[in-house]
Amino acid sequence: MRPRPPVKGRGIFSGTGVIVVGLTATLAALVFPVWSYADRSGTTAANVLSDQTVATQYGPLSALDKDFVTRVRLAGLWELPAGQQAEEKGTTAAVRTAGQHLIDGHTFLDERVRDVAARLGLPLPNQPNAQQQQWLATLNAATGVDFDRKFANILRLAHGKVFTVVAQVRATTQNSLVRALADDANTTVLDHIKVLEATGYVDFAALARDMAASSTPAPTSSPAASAPFADPGQVVPLTPSVSPTYSLPPPASSPPPSTQPQP
């Protein structure tokens with residue numbers, strides 16, 4: 001008997017099958033890391049919807065929510081004193097105005113955050129953290145135009161960082177108290193950003209570099225680990241000293257005052 005001729009297409013089909021299997025395996029290898037990454041702790045979704053979320057009568061309270069409440073308190077603990085320094089040491093009306101806005105804004109926010117923390121049973125710090133204390137020391141040592149410049153840029157950088165946190169919390173929180181606090185914080189921080197920029201001292205190029213260099217994912221723990229905490233009922237309210245009020249200056253449209261000759 002003659003041997004059967006090979007069936008046409010069988011070899012081709014086998015080769016195609018190998019290719020299909022190979023492509024499927026490659027696709028699975030590409031998809032799996034994407035799927036597994038989304039499930040890792042440390043991502044934004046995991047931070048917001050983690051097992052650290054607790055139930056409250058105002059809605060779920062996430063780790064990000066708790067961190068945000070702490071940050072609002074910490075901001076007032078150093079920005080209000082910085083505002084007082086600006087009122088006393090600022091060489092221009094615009095710098096002194098920015099200082100007054102910091103005092104007014106954080107006096108208001110501090111009352112709000114202490115109320116929210118008390119309702120949620122959250123502890124709050126009574127002192128700025130190490131980084132904030134260093135910023136205050138830098139401002140305390142500066143005088144004249146050097147103070148004006150450092151005040152405007154240090155505070156503008158800090159407000160830019162917290163502005164992104166406020167937006168993230170407002171967009172994701174399921175807690176009604178935290179949501180309302182984020183609304184108030186957003187309004188206050190934006191006002192402070194505007195008056196700091198109106199001083200004419202903000203170096204936007206340096207600001208962009210600093211923001212890019214310090215860009216970090218959402219924190220999984222409180223930034224106040226080194227700051228003393230107190231029970232909600234023992235938190236010391238911020239009480240600014242009586243100071244004059246300055247009107248809001250127009251937006252800066254000329255070089256910063258530091259470029260002008262000094263007597």
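Start by selecting helix 3 (63-89), helix 4 (93-120), helix 6 (144-172) and helix 7 (176-197), because each of these supplies at least two residues to the lining of the largest cavity. Keep in mind as you look that this is a predicted model.

Within that selection, turn next to helix 3, which gives the largest share of the lining, namely five residues. Now show the side chains of the whole lining, which consists of F68, R71, V72, A75, E79, H106, L109, H159, V162, V166, A185 and V189. If you colour these residues by character, you will find that eight are nonpolar, two are polar and two are charged.

With the lining on display, consider the space that it surrounds, for which the computed volume is about 80 Å³. Rolling a probe the size of a water molecule over the atoms shows where empty space is left. How many cavities of 30 Å³ or more does a search of the whole structure find? The search finds one.

Next, zoom out and colour the protein by secondary structure, which brings out eight helices and two strands. Following the chain from the N terminus, you pass through these elements in the order α-α-α-α-β-α-α-α-α-β.

Then let the viewer display contacts between residues at least 6 apart in sequence, and note that 82% of them join residues at least 24 apart.

Finish by switching on the surface, whose accessible area comes to about 14600 Å², with 60% of it belonging to carbon and sulfur atoms. Of the 263 residues in the protein, 39% are buried.

Terms used:
Residues are numbered from 1 along each chain as its sequence is written. This is a predicted model: local features need pLDDT of at least 70, side-chain atom pairs count only at pLDDT 80 or more; totals for chains, interfaces and linings use all residues. Side-chain values use heavy atoms; hydrogens and water are left out. Helices (H or I, at least four residues) and strands (E, at least two) are DSSP runs, numbered from the N terminus. Buried means under 20% relative accessible area, exposed over 50%, partly exposed in between (1.4 Å probe, protein chains only). Contact means heavy atoms within 4.5 Å. Accessible areas come from the Shrake-Rupley method with a 1.4 Å probe; for residues, only the protein chains shown count as cover. On a 1 Å grid over the protein atoms alone, a cavity is a set of points where a 1.4 Å probe fits but cannot get out, and a pocket is an open set with protein on both sides within 12 Å along at least five of seven lines; lining residues have an atom within 4 Å of a point. Grid points are joined across faces, edges and corners, and a volume is the space filled by probe spheres set on the points. Ala, Val, Leu, Ile, Met, Phe, Trp, Tyr, Cys and Pro count as nonpolar, Asp, Glu, Lys and Arg as charged, and the others, Gly among them, as polar.
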